[in-house]
Amino acid sequence: MLIRNATLPDGRERDVLIEGETIAAVGEDLPMPDSADERFVDASGKRLLPGMIDAHVHFREPGFSHKETWETGSRSAAAGGVTCVVDQPNTDPPTIDGAAFDEKESRASEGSLVDFGINGGVTEQWVPSALLQRPMFALGEVFLADSTGEMGIDVELFASAVKTAARQDAVVTVHAEDATEFEPGAKERDDADAWSAYRTARAEAAAVRAAAEVGDRFDAHLHVAHTSTPEGIDVAKDHGMTCEVTPHHMFLSRRDLSDLDTFGRMNPPLRRERLRSKVWERVVDGTVDIVATDHAPHTREEKDASIWDAPSGVPGVETALPLLLEAARNDEISYERVRDLTAANVAEVFDLPTKGRIAEGMDADLVLVDPEDSREIRGEDLHSKCEWTPFEGKRGVFPELTLVRGEVVYERFGPESAIEAAEQGETADERFGDAVGVNVRAIERSAESDTAATDTDGGPDSSAGGTGGDGGGPTQG
């Protein structure tokens, strides 16, 4: 495939040649491939970005397939320009041992349109030796307060897990809320804002400080999931930790709860508008490392309950990049910053050397968008199984084309291409590709194994396990 005249995030106009799974060349006036069946894409006036790597999703399978599956979740990801996702461990069974990991990896391999990573979880029953022998993306999210799945742990177990992970150079993703800082008086209320009043902003900063002390003790790489307050972000950065922010904590605040009601309940909860704006400032100025969605779908029936009974979590994997691109279209953030938050920085934090950038030799994980094609976000148009969104009525710039290692996994037809599609028998205005997703850590291990077999007389070193990676993900259930 040759993509011609695309505008890159830094503003340069370039051609991009794709051969197989990788980017073969990036330059000007690149020649057309010799093969007659090679596809040509005229990207004049359009933006080409590296696919988003969403380091925090809850695709719910196994155990909760009525909420989401690897097929539906990855279709939603592909339609939103996400080319790699990292699934969190609070499924059923929880991903805390070898058997649970193998089951989830098998389901993902069969159903995912996009590449994926699988995080290992920590509970009293976890089996670290089994998890660390498998191609695990990262450890976490480790819950320092209960959320969906009831996987909250105490400080002693947290310290033990961090020590174990540090020995393997595995990143530990932390859900940072200190339950001793919750406000019990808020439980006397039943309005939509009661959840935010209960799980206080100070609870986040307190938990980040406590996690930092443990991380410093073992010289571990801790990554703080879904930071929702400026203080939480600042504490993380002061202690050398990486952190992520979700779209709902960037674009929504407690003033939206009158409209969202219990559909706006998540962990950590929405904050006051003053705090939200300061979080956004840190996203724009480079303080925040990455954006991750904490995609946590629940059915409408489940969310339509009291504020104390509704499950925590909102969907977001399909709308994260479109919301950021809309902000870039309105000059609220640069396209380069969007690239870094969603791709380049994520690849660096989580050690994915072939992803996150548009350059020769990199994986051809690409997203093509028309920056002027701003659309209203409507839950009925999205592809998550839950069929609703907390961003109803907001605007986003959605992909026209999404590639995962050179394979077209999503394509949306414009007026002209829709005519061509109709001539080819297509009846819809969009098309999805096959389930081509692979475990990104398994690829790394395969490459290491091949190298070992080539460079030594014997076979691969059986002790060369480890995770090599990171993860990242919030709590929503």
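User: Is Cys386 buried or exposed?
Analyst: This is a predicted model: local features need pLDDT of at least 70, side-chain atom pairs count only at pLDDT 80 or more, and totals for chains, interfaces and linings use all residues. Residues are numbered from 1 along each chain as its sequence is written, and side-chain values use heavy atoms, leaving out hydrogens and water. Buried means under 20% relative accessible area, exposed means over 50%, and partly exposed lies in between (1.4 Å probe, protein chains only). Cys386 has a relative accessibility of 6%, so this residue counts as buried.

User: How many disulfides are there?
Analyst: A disulfide needs two cysteine sulfur atoms within 2.5 Å. Cys243 is buried, at 0% relative accessible area. By the sulfur rule, the count of disulfides is zero.

User: How many helices and strands does the chain have?
Analyst: Both are DSSP runs, numbered from the N terminus: helices are H or I with at least four residues, strands are E with at least two. By that rule, the chain has 15 helices and 19 strands.

User: What share of the residues is buried?
Analyst: The chain has 477 residues. The share of them that is buried comes to 60%.

User: What share of the contacts with a separation of 6 or more joins residues 24 or more positions apart?
Analyst: Contact means heavy atoms within 4.5 Å. Among contacts in the chain with a separation of 6 or more, residues 24 or more positions apart account for 74%.

User: How many salt bridges are there?
Analyst: A salt bridge puts a side-chain nitrogen of Lys or Arg within 4 Å of a carboxyl oxygen of Asp or Glu. One of them joins Asp10 and Arg12, with the closest N and O atoms 2.7 Å apart. Asp10 is partly exposed at 34%, and Arg12 is partly exposed at 38%. The count of salt bridges comes to 34.

User: How many residues separate Lys355 and Asp115?
Analyst: These two form a salt bridge, their closest N and O atoms being 2.9 Å apart. Lys355 lies in the loop between helix H13 (335–349) and strand S14 (366–369), while Asp115 is in strand S8 (residues 115–118). Lys355 is buried at 6% relative accessibility, and Asp115 is buried at 0%. The pair links distant parts of the chain, and its separation in residues is 240.

User: Which residue forms a salt bridge with Asp373?
Analyst: Asp373 is buried, with 17% relative accessibility. The loop between S14 and strand S15 (374–376) holds Asp373, and the partner sits 39 residues apart in strand S18 (residues 407–412). That partner is buried too, at 11%. With the closest N and O atoms 3.2 Å apart, the partner is Arg412.

User: What span should helix H2 have?
Analyst: The expected span is 1.5 Å times one less than the number of residues in a helix. H2 covers residues 98–111, so it has 14 residues. Its end C-alpha atoms are 20 Å apart, which agrees with the expected span of 20 Å.

User: Which residue has a side-chain oxygen that reaches the backbone nitrogen of Ala99?
Analyst: A polar contact is a pair of N or O atoms within 3.5 Å; within protein, one must be able to donate a hydrogen and the other to accept it, and residues adjacent in sequence count only if both atoms are side-chain atoms. Here, at the start of H2, the oxygen comes to within 3.4 Å of the nitrogen, and its owner is Asp97.

User: Which residue in S17 is the bridge partner of Val367?
Analyst: Two strands pair if DSSP finds at least two bridges between them. S14 and strand S17 (residues 401–404) run antiparallel and are joined by three bridges. In S14, Val367 and Val369 point one way and Leu366 and Leu368 the other, and all are buried. The S17 partner of Val367 is Thr402.

User: Which residue lies in the turn of the S2 and S3 hairpin with a positive phi?
Analyst: Strand S2 (residues 13–19) and strand S3 (residues 22–27) run antiparallel, joined by five bridges. Val16 has Val26 as its bridge partner in S3. Two residues lie between the strands, and the one with a phi of about 65° is Gly20.

User: What is the omega of the bond joining Glu61 and Pro62?
Analyst: Pro62 is in the loop between strand S6 (52–57) and helix H1 (70–79). The peptide bond is cis, and omega is about 10°.
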